[in-house]
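Colleague: I want to go through the helix and sheet geometry with you. Please justify each label as we go.

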Amino acid sequence: MLCAFIFGLKGDVMQTSAGWTAPEVHHADHHSPLVRMIESFRQAIADELQARQPLGHSDSFTVLIRNGRLQHRAGRTSYFLFDCQPIPDHILEDAHPSLMLNDQRHPCRIVGFSVDGLALAVDTELTPEIPHAHLAFDSIKLLQALDKRLVQILRQPAHFNTALALKAFQPDAVPRLVYSAGIAAPPCLNTEQTAAFARALQDDLLFVLGPPGTGKSELISALAQAFLHLEQRILICSPTNTAIDHILDLVLDKVPDCPTGTIVRVGTPSPDSFERSQRVNLEALTAEHTMAIEETLEPLRSQLAALEADLPGVESLLQNTLQISTCKRTITELQQRHDLLVAYEERLLNTIARVRSELEEAHHRLASLRALPFVIRLLKRRLIAQTQQFILEETPEQARRYAALRMLEQDLRQSRRLIQDAQERERATREHLHFSADNFTLDELELLVRVTQNKMREFRQTVTDGERRIAEIERTIINRSRIIATTLTRTYASTLLSPERFDVLILDEASMGLPPAVFAASCLATKKLIIVGDYLQLPPITAAKTAHTKAWLARDIYQIAQITSGQDQRVVSLATQYRMHPDIARVAARLYARAGLAYQSAAHMAAARRPLTAYAPAPGHPLIVLDTARADPVTKRDRRGSPYNLYHAMLAVRLAMQTVSTPREAPTVSIIAPYRAQVHLIERLLRLQRLADLVQAGTVHRFQGRQSDVVIFDTVTTANIARTMLGWGREDAAPHKLINVAITRAKGKLILIGHAGALEELQRSPEPLLWDFLELAREYGVIVPATSLLAAVPDIRLDSTDQTDQLLTQAFGRSQTGNQNLRLVEATSRALQVS
């Protein structure tokens with residue numbers, strides 16, 4: 001659990017059902033909008049923590065990782081590459097990872113992942129090679145940190161601009177004119193972007209609605225340049241590293257000559273970020289000023305690590321030596337006692353033998369006297385009486401001596417057992433020693449432990465002082481910066497950013513942000529709040545289904561602020577897209593038209609994307625539907641209930657294989673599926689076909705904020721699709737947002753794999769986006785039977801064995817048809833339609 005002092009908080013606490021201690025806040029005005037909103041947020045977070053508790057109770061989720069190899073070091077951060085099995089998307093997106101190595105926990109960051117690999121950044125000095133370790137995910141720490149930030153805002157509202165943050169969530173909010181700077185918009189902006197640019201300069205609150213590809217990042221970079229010119233301090237944040245690094249690269253392109261330290265990236269850049277973006281990372285900027293400190297600290301850390309590794313062995317040797325010494329002393333004492341018992345036994349045996357002989361002689365004499373004549377017995381009566389008296393006295397004494405002997409023998413047996421036990425303990429202790437304990441005296445070992453501990457304290461203090469100086473340099477760099485770019489999470493979880501305030505906050509991909517996180521970040525803005533995004537993109541993901549969670553976590557800021565169209569006075573809309581081929585954009589345009597938003601393609605996009613549409617399959621066609629009805633594929637579920645479809649997965653991989661097997665430079669290809677089980681199956685097939693480095697696969701959530709030359713969207717289900725994730729079977733379902741994200745990732749070619757009969761069930765759904773796809777494919781693209789490319793496949797029981805891998809490879813090879821390349825340049829869409 002994060003301690004209550006992360007943000008300098010003290011006070012009463014309350015125990016929640018989620019098993020962690022939440023601060024209890026006392027305030028005077030329980031009815032103010034600020035208190036009501038924060039308490040609603042906190043209740044929703046408490047419900048979410050309770051829902052995640054079964055996963056979070058013991059590190060939530062643990063993955064075995066192998067063959068760790070140090071790639072490079074940057075400052076205090078070490079970058080490792082590990083081999084691992086695929087990790088579920090929801091774990092990667094929501095959790096807080098730690099590297100578990102030798103029973104020690106090292107916080108880390110995931111900076112990249114592939115089908116069978118994982119790149120980690122660890123702020124700890126580790127060995128260059130790590131044969132095996134575990135990656136543990138805790139999905140509740142960030143929520144706890146967010147709750148602590150909300151408590152801080154509630155307790156210290158004067159330290160935050162809560163009025164502006166509240167205004168962003170109020171449906172009746174009216175933007176206020178702050179100033180009109182009179183700065184001309186850059187010529188690279190189109191008409192809508194120019195209007196948004198002007199509004200952003202003058203209003204204190206602005207929502208920029210931008211469907212996919214409409215140049216939101218370009219607008220943000222232009223605004224950052226303008227506010228920098230106006231000497232305003234800017235915070236740019238987004239839920240994803242990918243979006244931040246893309247924006248940052250555009251900003252650096254516009255202000256290439258700004259002084260070092262003006263722009264700072266806080267956090268770990270995404271693996272595909274550009275080198276110039278990595279140069280403005282806080283770690284890189286800090287390294288320029290801390291090289292001498294790091295050169296001093298690096299050998300100290302190595303020595304400290306060596307001492308920390310050696311100390312347990314020395315302490316164990318000391319403890320074992322103490323135990324051996326104790327055993328020896330015990331053996332000596334027991335042996336001395338045993339010797340005394342043996343001596344006493346010997347004396348007792350001698351006494352018993354002597355008295356026995358005397359008694360035998362007395363009995364013989366008494367018998368002889370009794371055999372004499374009576375007269376003689378009268379003369380000998382005194383001797384007879386003495387003999388009888390001796391026998392009467394010594395007989396019971398002799399019995400007592402025998403009893404004492406038996407007890408003594410028992411004591412001797414016990415003494416021998418105690419000596420043997422002590423000798424066995426000494427022998428067992430010596431076996432645990434790597435070298436003879438006789439090489440050191442106890443005094444020498446105690447001195448060695450004290451010297452080692454003192455040296456470790458000295459090294460730790462030196463390292464702590466050095467790291468404190470580095471932290472001061474980091475704080476100085478942060479304080480002097482004019483533009484900070486970071487993830488939404490770090491705005492409330494980073495102690496470096498906690499005291500910072502900004503004139504302007506620009507939030508990108510706002511629909512993905514948890515509303516409490518958006519609120520907490522907005523409180524850092526003192527003058528302007530610019531929220532950029534698209535309310536038809538994916539909302540936040542939650543585990544709890546309580547009323548509070550649905551109202552305050554599962555809804556995005558657009559839903560809470562009741563922004564439903566571009567006609568709102570708080571809103572300015574972007575309408576011209578520069579990403580997709582116009583035929584692909586037509587599908588999304590229908591969705592945006594129903595939402596009251598214009599969405600059209602720039603005039604040059606058809607020509608710009610023509611080289612991408614020329615790739616196989618079906619060169620020249622940007623919209624393709626592979627109808628799997630004739631293959632009669634079966635959708636199954638894994639042990640967790642996630643659907644998968646083997647035929648669809650093989651078809652997706654076959655299509656990707658055609659695309660990358662081009663004589664020209666291979667395009668970027670992404671396979672998107674709505675279900676984790678299907679993604680894992682596709683990743684497995686890609687690995688078996690050696691395509692894992694050429695083709696990306698993932699769920700829709702993983703691809704939000706990204707784009708690809710060719711996108712293959714696998715619907716997976718072949719029956720009752722209206723009741724699935726792509727339909728409207730659930731009360732809180734929003735499949736149109738999921739589908740919208742999937743299809744708008746494509747730049748030049750979009751391929752839909754689906755069962756046409758099943759897809760037609762969606763014709764009467766509230767937002768029939770997949771039906772729109774079918775209609776537009778008939779008009780502008782092609783619909784072909786999947787069996788023309790891939791024959792039906794046999795049913796294979798899926799498990800993780802090598803035998804199953806062989807069966808999958810064999811089935812993949814046998815299912816190829818004669819028409820392995822889908823080339824439809826000469827064909828018309830009408831001739832290829834499937835009834």
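Modeller: A definition to begin with. A crossing is left-handed if the near helix is turned anticlockwise from the far one by less than a right angle, and right-handed if clockwise. Keep in mind that this is a predicted model.

Colleague: Which helix pair has a left-handed crossing?

Modeller: Helix α9 passes α12 that way. By the definition, the near helix is turned anticlockwise from the far one, by less than a right angle.

Colleague: Why is α9 called roughly antiparallel to α12?

Modeller: Look at the angle. The axes of α9 (residues 282-370) and α12 (residues 442-480) cross at roughly 160° and come within 8 Å. Angles over 145 degrees count as roughly antiparallel. Therefore α9 is roughly antiparallel to α12.

Colleague: What residue classes make up the contact of α9 with α12?

Modeller: It has 23 nonpolar, ten polar and ten charged residues.

Colleague: Where does UniProt place the feature "coiled-coil region"?

Modeller: The unreviewed UniProt entry puts it at residues 345-372 and 405-476. In the model, residues 345-372 are 93% helix and 0% strand. The end C-alpha atoms of that stretch are 41 Å apart. The annotation itself may be inferred rather than shown by experiment.

Colleague: What makes α17 oblique to α25?

Modeller: Helix α17 (residues 582-594) packs with α25 (residues 769-780) at an angle of about 140°, their axes 9 Å apart. The roughly antiparallel class takes angles over 145 degrees, and the roughly perpendicular class runs from 65 to 115. An angle of about 140° falls in neither class, so α17 is oblique to α25. The crossing of α17 and α25 is right-handed.

Colleague: Which residues of α17 and α25 meet?

Modeller: From α17, Asp 583, Arg 586, Val 587, Arg 590, Leu 591 and Arg 594. From α25, Leu 769, Asp 772, Phe 773, Glu 775, Leu 776 and Tyr 780. The contact divides into six nonpolar, no polar and six charged residues.

Colleague: Now the sheets. Why are β22 and β25 at the edges?

Modeller: Take the order first. Six strands form an open, parallel sheet: β22-β21-β23-β24-β18-β25. β22 (695-699) and β25 (782-785) each have a single partner strand, so one side of each is left without a neighbour in the sheet. Neighbouring strands are turned by 20° against each other on average, direction ignored.

Colleague: How do you know that β18 and β24 pair?

Modeller: Pairing needs at least two bridges. Strand β18 (residues 623-627) and strand β24 (residues 746-754) have five, in the parallel sense. Asp 627 stands opposite Gly 754 in β24. Helix α17 packs on this sheet, touching β18 and β24, and its direction makes about 60° with that of β24. Helix α21 (residues 676-688) lies across β21, β22 and β23, running at about 165° to β22.

Colleague: What is the strand order in the sheet of seven strands?

Modeller: The order is β11-β12-β10-β13-β14-β9-β15, open and with parallel pairing. The edge strands are β11 (263-265) and β15 (571-573), each pairing on one side only. The twist averages 20° from one strand to the next.

Colleague: What makes β10 and β13 a pair?

Modeller: Four bridges join β10 (residues 234-238) to β13 (residues 502-507). The cut-off is at least two. Ile 236 stands opposite Ile 506 in β13.

Colleague: Which strands does α7 lie across?

Modeller: Helix α7 (residues 241-254) lies across β10, β11 and β12, at about 160° to β11.

Technical notes: Residues numbered from 1 in each chain as written. Predicted model: local features only at pLDDT ≥ 70, side-chain atom pairs only at ≥ 80, totals over all residues. Heavy atoms only, no water. Helix = DSSP H or I, 4+ residues; strand = E, 2+ residues; numbered from the N terminus. Axes fitted to C-alpha atoms, helices over the stretch in contact; angles between N-to-C directions. Contact = heavy atoms within 4.5 Å. Parallel < 35°, antiparallel > 145°, perpendicular 65-115°, else oblique. Nonpolar A, V, L, I, M, F, W, Y, C, P; charged D, E, K, R; others polar.
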